[in-house]
Amino acid sequence: MNKEESLNLSAEKHLPSQELPGPEPRDQVTVGRRSFLRGLGIVGATLLPASAIFMRQAKAQEQNSGRLTKGDADLLRFAAWAEIVESDLWTQYNELGGATKPNDGAPNVGNPAYILALQNLDGDMPQYISDNTDDELSHAAFLNAYLLSKGAEPVNLDRFRTLLGSAATGADPNKFHKRLTNLRRLNVDLSWYTRYRSEDNPDLGASFKGPFNIFNEPGIPLDDVDTPPNMAQPNPPKTTTARRMQAIANTAGFHFAFIEQGGSSLYPTLAVKATSEEVLRILLSIGGVEIDHFSLWHDKAGNAVSGSLAGLTDPKNPGLTFPDLNAVTPAAALELTQTNKIQPEPCDFIRTDLPPCSVIRPTSTRLGGAVATVKSFTDDLLFLGQSNEFFEFSMQLATAADSARRQL
Ligand SMILES: [Fe+2]
Ligand SMILES: [Fe+2]
């Protein structure tokens, strides 16, 4: 199935086919604009003031016409893909560990022991999980509604909701085999932890290793045998099952930050390619919330590797220990691990001859763009068990977004 067929297939669920604009009208808008810009290059500098006015008029007409350039639609479609993925994983976390049902609904009972383990990181974790979930659901719904309002195809990933979820108390039993993302076994790349404490920038060639590694660890309780849902969960945990549950909650804490730092880099890479001011506004405004999420989770994850929780080993996964990152020697090494250093360190930016600047990084397409996002989520095992069709469809959307270019 090619991309247009896939997108049309998903769009049919939202809009009668006769209302959908085919690719031809949208492409005509883009091609016409490109032709105009090529013409501008030929007429030369003496006509630039009048041409600039004409360009603004053409741009205003395009924005008011209800159509997006192909590039802008591709940018928003990949953003919608990312938000649907985020919505699925956050919904799973919310069922088990959230304070309320989605969109400020009824109180959520969840998995009591998991909630207690999360609260060993911070008492507000359940509320933060619910609010983060609501944010992602709103992002996904808004982006698809905006695409539809502009006559562009939305994104629908429902046909890929086939993965196994949690069987533990709290998880929705009706969705057991209907998850889009896998949280039952995760590899969580922690290089972001070091990256944001470093004065080096990956966009300028630096590479980083996390302070420790999380391999093959669940982010959610798997079932009630592995982690009884009503056990005590003291800090530090005393029993084997309580230590197992705490290791799962700690993994979730780091996974939250991993996901949201990805969004923090993705949105700037998309925004610089936007043509319409309104699309730019959407990408900057949603992207800012991803950064807000990352900052919050970065702070909370530090509580799993400091104080009385530090040093925990998962009894079912003995290769995984959460070290005390405030007990690192020598002092120079502590600079890259100290848990309360959550504000981004100023780093090289744009060029090494400029002064250090505190920025989101990476923001290059190669390291933080759409294809890079699909790859990093895949390495995380977030899509473990997904079909080839899912990966092909995701990479088609990602490649299209990374190929978009600002047309001004
Ligand atoms: Fe989001
Ligand atoms: Fe997010």
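**Stop 1: the two iron ions**

Select ligand 1 and ligand 2, then add E86: this residue bridges the two iron ions, which lie 3.4 Å apart. Keep in mind as you look around that this is a predicted model.

Now stay with the iron ion (ligand 1) and show the side chains around it. Which residues supply its protein donors? They are E83, which gives two OE atoms, together with E86 (OE), E136 (OE), H139 (ND1) and E290 (OE). These donors lie 2.0 to 2.6 Å from the ion.

Try displaying the angles at this ion. Ideal angles at a metal are 90 or 180 degrees for six octahedral donors. Here the angles among the six donor atoms run from 55 to 166°, and the site is irregular. Along the chain, the donors of the iron ion (ligand 1) follow the spacing E-x2-E-x49-E-x2-H-x150-E. Colour two of these donors to see what that spacing does: E136 sits in helix α6 (residues 125–149) and E290 in helix α9 (residues 277–301), so this pair ties together parts that are 154 residues apart in sequence. Switch on the surface, and you can check that both E136 and E290 are buried.

**Stop 2: the second iron ion**

Move over to the iron ion (ligand 2). Its coordinating atoms come from E86 (OE), E136 (OE), E260 (two OE atoms) and E290 (OE), at 2.0 to 2.8 Å. Reading along the chain, the spacing of these donors is E-x49-E-x123-E-x29-E. Highlight E260 in helix α8 (residues 240–271) and E290 in helix α9: they are 30 residues apart in sequence, so this pair also links separate parts of the chain.

Is E260 buried or exposed? It is buried, because its relative accessible area is 0%, and a residue counts as buried under 20%. E290 is buried too, with a relative accessibility of 0%.

**Stop 3: helix α4 and its partners**

Hide the surface and select helix α4, residues 70–97. Two packed helices are described by the angle between their axes and the distance between the axes. Add α9 to the selection: α4 and α9 pack at an angle of about 30°, with their axes 11 Å apart. That makes the two helices roughly parallel, because angles under 35 degrees count that way. Their crossing is left-handed.

To see who touches whom, show D72, L75, L76, A79, E83, E86 and W90 in α4; they meet V279, I282, L283, I286, E290 and W297 in α9. You will recognise E83, E86 and E290 here, which are among the donors of the iron ion (ligand 1).

Next, swap α9 for helix α12, residues 370–379. How are α4 and α12 arranged? They pack at an angle of about 20°, with their axes 11 Å apart. That makes α4 roughly parallel to α12. The crossing of α4 and α12 is left-handed. On the α4 side the contact is made by F78, W81 and V85, and on the α12 side by A370, T373, V374 and F377.

**Stop 4: where α6 meets α8**

Select α6 and α8 together. Their axes come within 13 Å and cross at roughly 35°, in a left-handed crossing. Show M125, I129, N132, E136 and L143 of α6, and F256, E260 and Y267 of α8: these residues make the contact. E136 and E260 should look familiar, as both coordinate the iron ion (ligand 2).

**Stop 5: helix α5 under cover**

Now pick out helix α5, residues 112–119. Its buried residues are A113, Y114, I115, A117 and L118. What covers them? The cover includes α4, α6 and α8, so show those helices around α5.

**Stop 6: a loop residue, A171**

Find A171 in the loop between α6 and β1 (186–188). A171 counts as buried, at 12% relative accessibility. Draw a distance line from its C-alpha atom to that of P221: it reads 9.2 Å, although the two residues are 50 places apart along the chain. Setting aside neighbours within four places in sequence, A171 is in contact with E95, L96, S166 and R179.

**Last stop: the whole view**

Zoom out and show the cartoon. The protein has 13 helices and four strands. Of its 408 residues, 51% are buried. Among contacts between residues at least 6 apart in sequence, 75% join residues at least 24 apart.

Terms used: Residues are numbered from 1 along each chain as its sequence is written. Chains are lettered from A and ligands numbered from 1 in the order in which they are written. This is a predicted model: local features need pLDDT of at least 70, side-chain atom pairs count only at pLDDT 80 or more; totals for chains, interfaces and linings use all residues. Side-chain values use heavy atoms; hydrogens and water are left out. Donors are N, O and S atoms within 2.8 Å of the metal (3.2 Å for Na, K and Ca); water is not among the atoms, so sites may look incomplete. Four donors count as tetrahedral if all angles lie between 85 and 135 degrees; four count as square planar and six as octahedral if opposite donors are over 155 degrees apart and all others between 65 and 115; anything else is irregular. Buried means under 20% relative accessible area, exposed over 50%, partly exposed in between (1.4 Å probe, protein chains only). Axes are lines fitted to C-alpha atoms, for helices over the stretch in contact, and angles run from 0 to 180 degrees between N-to-C directions. Angles under 35 degrees count as roughly parallel, over 145 as roughly antiparallel, 65 to 115 as roughly perpendicular and the rest as oblique. A crossing is left-handed if the near helix is turned anticlockwise from the far one by less than a right angle, and right-handed if clockwise. Contact means heavy atoms within 4.5 Å.
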